[in-house]
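I opened this model to look up its sheets, the contact between its chains and a few odd backbone spots. My notes follow in the order I took them.

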Amino acid sequence: MKVAVIQFPGSNCDLDVVHVLRNILNIPTDLVWHKFFQNKIYDAVILPGGFSYGDYLRSGAIASHSPAMEEVKKMAEDGKPVLGICNGFQILIEAGLLPGALLPNDCLKFVCKWVILKCETSRTAFTCLIPEGKILYMPVAHKEGRYFNLEEDLKSIWKEQQVVFRYVDENGNPTLEANPNGSIQNIASVCNKEGNVVGLMPHPERASEKILSPYKNSDGLLLFESMINYLKR
Amino acid sequence: MVKNKPIPVKINLTPKEIRMVRKLLGREPTYVEWGMFDIMWSEHCSYKSSKPILKKLPTSSPKVLVGPGYDSGIVDVGDGMAVAFKVESHNHPSAIEPYNGAATGIGGIVRDILATGARPILLIDPLRFGRLETGRTKWLFRYVVKGIGDYGNCIGVPTVAGEVEFDESFETNCLVNVACYGLVRKDKIFLARFDKPGDILVLIGGATGRDGIHGVTFASKTISEESEEDRPAVQIGDPFTKKLLIEAVLEVLETGYVDGVKDLGGGGLTCATSEMAAKGGTGVEIILDNLHVREEGMNPYELMLSESQERMLLAVNPEGLSKVLGILEKYEIPYSIIGKVTDSGKLIVKFKDEIVASIPPKYLAEAPIIKRKAKKPLNLEKLWRIKKPKEPKNFSEILYKLVSTPNIACKEWVYQQYDHEVGVRTILKPGGSDAAVLRIIETGKAIAVKADCNSRHSYLDPFNGGAGALAEASRNVVCVGAEPLAYTDCCNFGNPEKPEVFWQFKRGVEGLAYMSRKLGIPCVGGNVSFYNEDSESKIAVKPSLVVVILGLIENLDWITTMDLKNSGDQIVIVGKTYPELGGSEYYHEIHGLTGGKPPKADGNREKATLQTVMEAIRKGLVTAAHDCSKGGLAIALALMAIKGKLGVKVDLSKIPTSKPIRMDELLFSESHSRIILTTSTKENAKQILKIANKKGAPANLVGKVTDDDNFTLTFDGRKIVECSVTQMERFWKETIPKALEVG
């Protein structure tokens, strides 16, 4: 099993994801410069957070045209796990691999804080070990993370079980206060129809060790463990 | 040699300095050379006024690897790892153009850390603004924070701590200080010097443009109406290029072919080449025609003085040149080969086949020292003697007011805009404890970091202000479980040509030196920013000697936060309370007073308190720790309660005090050397008192944590304060967003 973490110019959570995969989970992981990325060598790929191309134009817009994304698309078509975190999620959306759009936060400011998520589906490559309804704690850190989709498409992604996580309060309710950026229906994460491509705004790699969590848990690790489990199946 | 032109009109050298330059060179300098002396001998680059005073600071300890004199101090943190850290001011640019001023401040400091071979791992931002109510303050505050956030977030270096102080003296001239810490293996440290003749000089990163010319001389004068016209002297930041630069530089340094690296900041190419050659005892020859430029037609004067951002200079072993250039190309970093290191002992600059400058680098690097006059301000004694205000009756009401003053109120609005998690090192995040704690993944240990200064204390008594800043910073890192190792300081003062201002600076540094010696914590670097005043009102900023500290936590189990943890926990206070309301938040906010004698910072008392708390934490006795500073004891307790969402019951008569003392003095006095601890049992409390007794710190058990919403302070059974914790939290949280989000 071998996982790639793609480094775009301006990625800045790349080393954090590599740390979790290599040092916490002992998964063979390559940090790959975007120009050198080839899909065939890898079983899964992660697009890390950051400010690819300085977020010029629109977050993720320029990176989505990198030749690396053609390779990522092939992996997605082959059913291999593809995860986009924060800026990686923005890139997957810009590349058309995930439905919807990510708009500037409703407060118009960068927001870095810990949020509460509820798992909406266990059918994806990154949530297969997370029971539906489970509450997870993770931080967000972004300026353009307000998920948006048209009403019709929202119906469709619910129907197809493409909503993966939502922002909720401690009791699991998707309240206004629990929503850090104004995302429609508190959606924090979506997947493709097949469930092998997942994007999310929160940072699981920052919540993968108890010592980093104000809640003393390692909920983020569940996503990566799910990926391993999915690959082993 | 080119023909001489008249002296540049903009030159800021004094007539005496002009004569010295002519004498040193033994001829009439060229136009370019005048410009080079002008920036290198500016206050900002040369420290010509401050050097003799800064010499008073102790600078060595077994842990100090690199002390003052280089770009950053470097301290041993064990197991083969070291931390490089530095602070800088970006006051003048930020006061004119807050967004880019603050952003480029980070850009500069990050390059300094990078130049030591260290990966930047965290940023700290101590900020000072005028009164929060004014439009100008709101504008500066909003855009400084946004500038820091947009830049720091993009380059992936977390902003983990800081401080924000509001005071009318910072209305025109806000203070924006930025500190960066980096992590480096001890055997991979780079020192900023060129010592190998034959090395190729490669200028990398941003293209050179006309921006920022005279930025340093701009920082060496007072802000005025004309300063608005100085906007072109503020550089524009490009964090995206910076991020690539960080990765590229770290990768080229790994090759082993780079012998010297230096950032281009204040003073641009002139400063970088002359300082590196002067330190290495070598020479440099550069050809300006080779520079990659942003605009056509730049003359040699502009090329040598430009302060365009995101540039670094490498001295590369010719054998490894192609490998180094290959890495730069991978990251698409623009570069140009501009010259070489020589053994000529001269800095030779060529342009269009002519020599436009030829100066021994040490002439530039060693500006003549200016001995400034120092005089105690006449009004100070009068300020100390102000009559004590009448003691108020309703202390609950006052406590509600104090938790909501801008200086004490919650700064979540600020730090939520900073990515403080990136890098997966941040264990204690902003807002939750006295200092930020970041783990060193490589060694299993952690560092604690914080910046502190109380400018009102410093204004009334610079000596105790300077000493107090280090005392407070030390308490803060000790409270989270660390041992303080070293600090760097950022001196923000008015015009040093005024003897009263220079006296403030001198006394401030003397106070800092005193505390430094008493606590055995060395200074490893610093920054001096003078001319922080408004030319209209002639008001200098309150003297602000900011201490930026590094502490080491050997065992992660020692990490301690300030929030109350369990109902039933016992509350212990270490350190004595004195009637020291001078310069307090209480005087300023409740009585509208800036006066009185500010708290004395006593080295022996401070040491006793720090040692007590360090030992108590290491013995596993402490469940929460918080130091007393702005707002005094009452505010310290209130914040512990707010953050823990628990109540307290404290008997004020048990608090160790000097006598006689008034109730307001007991509650709000900002005496140093005090830390509040909680511990789980009475037995543990006794043990803490025993440790305190052994170390010579007055201490007592004063109350307990309760499982309700009541914040109750009594004196011999008499109720003094009865507040609701949730109500206090509401007031504490709403001040800053309320001021900034509306209008």
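**Entry 1. The sheet in chain A**

In what order do the nine strands of the open sheet in chain A stand? I read β2-β1-β3-β4-β11-β10-β9-β6-β7, with mixed pairing. I am working on a predicted model here. Next I looked at the two ends. β2 (29-33) and β7 of chain A each have a single partner strand, so one side of each lacks a neighbour in the sheet. I also took the twist: neighbouring strands are turned by 25° against each other on average, direction ignored.

I then checked the pair at the β2 end. Strand β1 (residues 3-7) of chain A runs parallel to β2(A), and five bridges join them. For a register marker I noted A:Val5, which stands opposite A:Leu31 in β2(A).

**Entry 2. Confidence**

I looked up the scores before going on. The complex gets an ipTM of 0.96 and a pTM of 0.95 from the predictor. Chain B has an average pLDDT of 94, and 96% of its residues score at least 70.

**Entry 3. Where chain A meets chain B**

How many residues of chain A are in contact with chain B? I found 23 in chain A, against 24 residues of chain B. On the chain A side, the elements giving two or more residues are α1 (14-24), β6 (111-119) and β7 (135-142). β6(A) supplies the largest share, three residues. By character, the chain A side divides into 12 nonpolar, six polar and five charged residues.

**Entry 4. A:Glu205**

I picked A:Glu205 for a closer look. This residue lies in the loop between β11 (197-200) and α5 (221-232) of chain A. Is A:Glu205 buried or exposed? A:Glu205 has 32 other C-beta atoms within 10 Å, and 20 or more is the mark for buried, so I logged A:Glu205 as buried.

Which residues does A:Glu205 touch, leaving out those up to four places away in sequence? In chain A, I listed A:Cys13, A:Asp16, A:Val17, A:Val20, A:Ile85 and A:Gly220. From the other chain, B:Val424 is on the list too. I also took one distance across the sequence. A:Ile24 is 181 residues away along the chain, yet its C-alpha atom is separated from that of A:Glu205 by 10 Å.

**Entry 5. Strand β10 of chain B**

I moved to chain B and took β10 (residues 311-316). Six of its six residues are buried. Which residues lie on each face of β10(B)? One side holds B:Arg311, B:Leu313 and B:Ala315. The other holds B:Met312, B:Leu314 and B:Val316. Both faces are covered. I kept the general rule beside this: side chains in a regular strand alternate between the two faces of the sheet.

Then I traced the partners. Strand β7 (residues 200-205) of chain B is antiparallel to β10(B), with six bridges. There B:Ile204 stands opposite B:Met312. Strand β8 (residues 258-263) of chain B also pairs with β10(B) in the antiparallel sense, over five bridges. In that pair B:Val261 has B:Leu314 as its bridge partner.

**Entry 6. On to β11 of chain B**

I followed β7(B) to another partner. β7(B) and β11(B) pair in the antiparallel sense over five bridges, and B:Leu203 stands opposite B:Ser336. Strand β9 (residues 283-287) of chain B is joined to β11(B) by four bridges, again antiparallel. I marked B:Val284 with its bridge partner, B:Val341.

**Entry 7. Backbone oddities in chain B**

Most residues other than glycine have a negative phi, and most peptide bonds are trans. I looked for exceptions.

- B:Glu332 has a positive phi of about 55°. I placed B:Glu332 in the loop between α12 (321-330) and β11 (335-342) of chain B. B:Glu332 counts as exposed, with 11 C-beta neighbours inside 10 Å.
- B:Asp716 has a positive phi of about 50°. B:Asp716 sits in the loop between β27 (710-715) and β28 (718-724) of chain B. With 9 C-beta neighbours inside 10 Å, B:Asp716 counts as exposed.
- B:Lys659 and B:Pro660 are joined by a cis peptide bond, with omega about 0°. B:Pro660 is in the loop between β24 (647-651) and α23 (663-668) of chain B.

**Entry 8. Domains of chain B**

I finished with the domain assignment, which gives domain 1 (1-41) and domain 2 (560-743) in chain B. Their C-alpha centres lie 58 Å apart.

Conventions:
Residues are numbered from 1 along each chain as its sequence is written. Chains are lettered from A and ligands numbered from 1 in the order in which they are written. This is a predicted model: local features need pLDDT of at least 70, side-chain atom pairs count only at pLDDT 80 or more; totals for chains, interfaces and linings use all residues. A residue is buried if 20 or more other C-beta atoms lie within 10 Å of its own, exposed if 12 or fewer, and partly exposed in between; C-beta atoms are placed from the backbone. Two strands pair if DSSP finds at least two bridges between them. Two residues are in contact if their C-beta atoms, placed from the backbone, lie within 7 Å. Ala, Val, Leu, Ile, Met, Phe, Trp, Tyr, Cys and Pro count as nonpolar, Asp, Glu, Lys and Arg as charged, and the others, Gly among them, as polar. Axes are lines fitted to C-alpha atoms, for helices over the stretch in contact, and angles run from 0 to 180 degrees between N-to-C directions. pLDDT is the predictor's confidence in each residue, from 0 to 100. Domain bounds come from an automatic or database domain assignment.
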